[in-house]
Amino acid sequence: MIPSATSPVILSLLLLISLPLLFILAPRILPPRILPDDPDDVALLRRAAAIHSRPSANPHTRLGITNPTPKIAFLFLTNSDLHFAPLWQRFFTARDDHRRLYNIYVHADPFAPYTDPGGVFKDRLIKSKRTRRASPSLISAARRLIATALVDDSANLFFALLSQQCVPLHSFRFVYRTLLTPPKPPTESTRESGSELTRLGSRVGYQSFIEILSNEPKLKERYTARGSMEPEVPFDKFKVGSQFFILVRRHAVMVVRDTKLWKKFRLPCLRPDACYPEEHYFPTLLSMEDPDGCSHFTLTRVNWTGTAHGHPHAYTPPEVSTELIHKLRMSNWTYSYLFARKFTPECLEPLMKLAGKVIFRD
C-alpha cells in the first residue's frame with residue numbers, strides 16, 4: 001500500500017509522464033477535426049455553381065459560352081514570383097489575335113514574396129489565401145482559381161492549372177488547336193446525361209486532361225494518412241494523379257459544386273509525410289463522377305527520376321537544350337505534352353534563347 005504522504009508526488013509524476021503520451025496518441029485515437037470552410041470561399045464557390053443552374057434559350061448560354069469563341073483559362077498557382085513570366089509573355093503575345101482566346105488568373109500566397117510582372121499578368125492576381133504543402137490549402141487554392149475563372153468569363157472552356165515552375169513546350173496556337181480539336185464521339189454515359197453536361201457548360205465529348213492512377217505504390221498509406229475516408233471514398237475509388245491538369249468547363253463546375261468529397265479531403269493529415277491531398281482530390285472526384293470524360297493522363301510533363309522528398313527532378317541551365325525540349329514533348333499518348341516542370345529560376349535565360357527558334361516553332 002502506498003503511504004498517503006507520497007501519493008501526491010507519485011500521482012504528479014504519473015501525470016507528467018502521461019501528458020506527452022496523450023499528445024502523441026490522441027490524434028490516432030480521436031477522430032480528426034474537420035476544419036471550417038472559409039466563408040469567402042463558400043460564397044465564391046456558390047456564386048460559380050449558381051451561374052450554371054439557370055436554364056437559357058440561347059444555345060451559347062446553355063453551353064456556358066456567351067462569346068462564340070471559347071477561351072482557355074490559365075490558372076497559375078504559386079508561392080513565389082512567376083520566374084518565367086517573360087517566357088509566358090512571349091507565349092501569349094506572339095500574335096495579336098491570341099488576346100481574345102485566353103484569360104490569366106494568378107493565386108499567389110500572400111505570406112510569400114510576389115512581384116507583379118506586368119504585361120499580360122498585370123492585375124491578374126485573385127484574392128488569395130495561404131498555402132502549405134501536405135495540407136488541403138492547395139486544393140482550396142485550386143478551387144478558388146477555378147471558381148474565379150468560372151465567374152469572370154463564361155467563354156472560359158478549358159482550365160489549365162500551372163505552377164511558377166511550369167514552362168510552355170509549344171506555341172499558344174499549337175496549345176489552343178490541340179485542346180479545341182473536334183471532340184471524340186460521345187460515349188454511352190455522355191449520351192444518357194448529355195443534356196445535363198451541356199447545361200453545365202461544356203460541349204459534350206471534350207475531355208479533361210488529368211492523370212488518374214489506381215495502382216501506385218504506397219496508395220494505401222496515402223489513403224489512411226488523414227484517417228477514415230469512408231463511406232464517401234472507399235479505397236477502390238481512391239486515386240492519385242498529377243497536381244497540375246486541364247479541366248473542361250463541366251468538370252470545373254463539378255469541382256466548385258462538390259461538398260461530399262471535400263468534407264473528407266479537408267481533414268487535417270495525421271501523417272504529413274504520406275499526405276498529399278492535392279494529388280488525390282481532383283483525380284478521385286472526377287474518376288467517381290465522370291471517368292469516361294477524362295483522358296486519365298496529363299499534358300504537363302514531369303520527370304520523377306531521382307526524386308527527393310516528394311519533389312520531381314528540377315532542370316538546371318546546363319540541361320536546357322533543343323534536344324531537351326523535343327524530348328519533353330514526346331508522349332506515349334495521342335497528344336504531345338504541352339507544358340513541363342520543374343525548372344529552376346536560372347533556366348529563364350537559356351529558355352528565352354530557345355523560345356523563337358525551338359519552343360514556339362511547332
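Threonine 131, a cavity and model confidence

In this predicted model, threonine 131 sits in the loop that runs between strand E2 (102–108) and helix H5 (137–152).

Q: Why is threonine 131 called buried?
A: Buried means under 20% relative accessible area. Threonine 131 has a relative accessible area of 13%, so the residue counts as buried.

Q: What makes a residue a contact of threonine 131, and which residues are in contact with it beyond its neighbours within four places in sequence?
A: Contact requires heavy atoms within 4.5 Å. With those neighbours left aside, threonine 131 is in contact with Asn79, His107, Asp109, Ser137, Leu138 and Ala141.

Q: Why is the second largest cavity described as lined by five nonpolar, one polar and one charged residues?
A: The lining of this cavity consists of Leu77, Leu138, Ala142, Leu161, Gln243, Glu278 and Phe282. Leu, Ala and Phe count as nonpolar and Glu as charged, while Gln falls among the others and is therefore polar. The classes are thus five nonpolar, one polar and one charged. The volume of the second largest cavity is about 30 Å³, and the count of cavities of 30 Å³ or more comes to two.

Q: How do you know which element has the lowest mean pLDDT and which the highest?
A: pLDDT is the predictor's confidence in each residue, from 0 to 100. Helix H8 (residues 194–199) has the lowest mean among the elements, 37, and strand E4 (residues 167–168) the highest, 98. Over residues 189–204 the pLDDT is below 50, and this stretch has 40 contacts in the model beyond near neighbours in sequence. For the protein, the mean pLDDT is 84, with 78% of residues reaching 70 or more.

Conventions: Residues are numbered from 1 along each chain as its sequence is written. This is a predicted model: local features need pLDDT of at least 70, side-chain atom pairs count only at pLDDT 80 or more; totals for chains, interfaces and linings use all residues. Side-chain values use heavy atoms; hydrogens and water are left out. Helices (H or I, at least four residues) and strands (E, at least two) are DSSP runs, numbered from the N terminus. Buried means under 20% relative accessible area, exposed over 50%, partly exposed in between (1.4 Å probe, protein chains only). On a 1 Å grid over the protein atoms alone, a cavity is a set of points where a 1.4 Å probe fits but cannot get out, and a pocket is an open set with protein on both sides within 12 Å along at least five of seven lines; lining residues have an atom within 4 Å of a point. Grid points are joined across faces, edges and corners, and a volume is the space filled by probe spheres set on the points.
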